[in-house]
Structure formats: structure tokens, C-alpha cells
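This report introduces selected features of a single protein model. The sequence and the structure are shown first, and the description follows.

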Amino acid sequence: MRPSKTELAEMLKIDRFPRASKYDPEWVLENQMGPNSLWLAEWLCETMRLEPGMRVLDMGCGKAMTSVFLAKEFGVTVWANDLWIKPTENWKRVKEAGLEARVFPIHAEAHALPYANGFFDAIVSLDAYHYFGTEDLYLSYIVRFLKPGGQLGIVVPGLVRDFEEVPEHLTRPQKNGGVFWGEDCWTFHTLEWWRRLWARSSLVEVESTELLPDGWRIWRDWEKVLDLTGPHMFPPDHEVLERDGGRYMGFVQMTARRTEALSWSE
Ligand SMILES: C[S@@+](CC[C@H](N)C(=O)[O-])C[C@H]1O[C@@H](n2cnc3c(N)ncnc32)[C@H](O)[C@@H]1O
């Protein structure tokens, strides 16, 4: 039987993320597209400095939950940019949240962004940057949209340690038939891999890199909630995350600031 709203609220309430815990659990479940993006956003915002009035790009915002969260929690103005989710759908959610003046849904591919150079105070990306940001030259493309000194912060699913061959427990089918490791998982990388990608660039100063402590446990607990409230688009992965026990899977966070240096193509 599906848990009641009160039970769901209790399950999604974790001390680690007090801001995210306040949001309507049904809204969070209805608009999720993977791991709980509000938890990931709150973790990122412990490191980034977002202040009221800042212009923020939420890259790969999905159903714009994190855009709503950032506008509500930090008073920033957000351009909610996504590819798969249509802006009209996100606009409906934005209006329901009463944020018409501070969240603007945009439909744009990550390599063809319709913004002015130097426009944003901050760019964030939750559970999305790995889809478009692993190429060597992508950083130099996206930082042009930041003003000098502007902040870039991402959280991606990543690897605790690297491997040559995929560990068997990540490919073994789960009882629900779902297989965790698909081809898109080759975009999962270690914290060291991500740091190296950005640290060699003269366009940014890397400020922090971190693995979410106990990230696998938080992820597993979220997937358990999905299991109790399904069916969802993808079968939940708590079984494989349990098997993994944090040996390989986790969340990587990285933040940086744009330096004064201009990109070659700016
Ligand atoms: C797993 S979903 C996460 C969505 C949202 N950030 C969240 O956590 O709920 C990944 C998002 O990345 C976006 N995305 C993937 N490739 C993209 C691209 N090339 N350009 C723009 N967005 C992209 C998709 O549209 C999708 O909504």
C-alpha cells in the first residue's frame, strides 16, 4: 500500500537537509527525474554563496524543482534551462509556486545557450552536467556566461573509485528486473577525474571538490521511497546500491569561480 502523505513526509525528512525536508513530498515525487535533486541542491548550496537578487542559471533543471528551491530558499532569480522538459510544462510549475517574477523556463541545448556573455552570477547543475559537460572544451564554453568571479557548481552521480571493468554487482539484474549500469553510466567519474578536468583550465579557479559523505546510503533510501510509491519511469535501484555499499557509487560535488581570463572564443 502506498504510504500516506504524512508517512512520505517523514521518510523524506532528513536532518542532513532541513531546507529540502520542508517541501511537499508528493510534489517532490511527482517531479523527480532521478536522485532527490532538492537534497543535492541543498548540499551544493552549503558551499556556494547565493545571495538575493543574483542571476542563476540552473542547467539541466529537469522539471525545475531545484529552480523553485533556489528562488525560494536564497531569493535568487533563476533561468531554468532544460532540453527534455518543455518550458511550458515548467512554467506551469513555476506559476503554481508563485515565482513568475523569479524563475524563467528556457528550452535550450547545453551547447547552444541563448544567453549574453557575462550575464550570470552563478551557474548550477544538479544531476545533469555529466550528460553534456565531460568534453574537454565544454568548461570554456559555459564559463563565458558567467561574470568574472561568478560561481559554477555541479553535483553529479560519480564513482568513489575507478575501475577497468564494470563490477559485476552493478550489472546484475535486480529483483525488479532493472539493471543499474547502462551505457550512460560511462559519464560517471571520480572526484579526481572531475577536479583534473577543471583544475587545468585558466578560466576557473576550483574552490572545492567533495564526495557526499554516505552518499550511497542517502541515494538508496531515496530509491526505497520510489519503490513504495511507484510505478515510476525507471525501476528503483536500492537493491544495487545496497549491494554496492558505497564501494563505487556516490555523488561528486565541485565548485569553481570564473577567473578574469577570457575564453578564446568569447
Ligand atoms: C537526470 S535529469 C535531472 C533533472 C534535474 N536536474 C533533476 O535533478 O531533477 C537530467 C537533465 O539534463 C538535461 N540534459 C541532458 N542533456 C542535455 C543537453 N545536452 N542540454 C541541455 N540539457 C540537457 C535533461 O533535459 C534532463 O532534464
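A charge is taken to sit over an aromatic ring if NZ of Lys or CZ of Arg is within 6 Å of the ring centre and within 35 degrees of the ring normal. In this predicted model, R161 lies over the face of Y248, and the charged end of R55 is placed over the ring of F119. The distances are set out below.

| Charged residue | Ring | Distance to ring centre |
|---|---|---|
| R55 | F119 | 4.5 Å |
| R161 | Y248 | 5.9 Å |

Aromatic rings also meet one another: the structure holds 26 aromatic pairs. One of them is formed by F17 and W39, which count as stacked because their ring centres are 6.4 Å apart and their planes stand at 20°. This pair links distant parts of the chain, 22 residues apart, with F17 in the loop between α1 (5-12) and α2 (25-31) and W39 in helix α3 (residues 37-45). Both F17 and W39 are buried.

The surroundings of W39 are likewise covered, as nine of the nine residues of α3 are buried. Among them are S37, E42 and C45. At the start of this helix, a side-chain oxygen of N36 comes to within 2.9 Å of the backbone nitrogen of L38.

The surface offers another view. There, M33, L83, W84 and Y131 form a nonpolar patch with about 430 Å² of accessible area together. Within this patch, L83 belongs to the loop between β2 (77-82) and α5 (87-96). L83 counts as partly exposed because its relative accessibility is 38%.

Note on methods:
Residues numbered from 1 in each chain as written. Predicted model: local features only at pLDDT ≥ 70, side-chain atom pairs only at ≥ 80, totals over all residues. Heavy atoms only, no water. Patch = residues over 30% accessible without salt bridge, like charges linked within 9 Å, V, L, I, M, F, W, Y side chains within 5 Å. Areas by Shrake-Rupley, 256 points an atom, 1.4 Å probe, with all protein chains shown as cover. Salt bridge = Lys/Arg side-chain N within 4 Å of Asp/Glu carboxyl O. Helix = DSSP H or I, 4+ residues; strand = E, 2+ residues; numbered from the N terminus. Buried < 20%, exposed > 50% of the residue type's maximum accessible area, 1.4 Å probe, protein only. Phe/Tyr/Trp six-rings, centres within 6.5 Å; stacked < 30°, edge-to-face > 60°. Polar contact = N/O pair within 3.5 Å; in protein donor to acceptor, adjacent residues only side chain to side chain.
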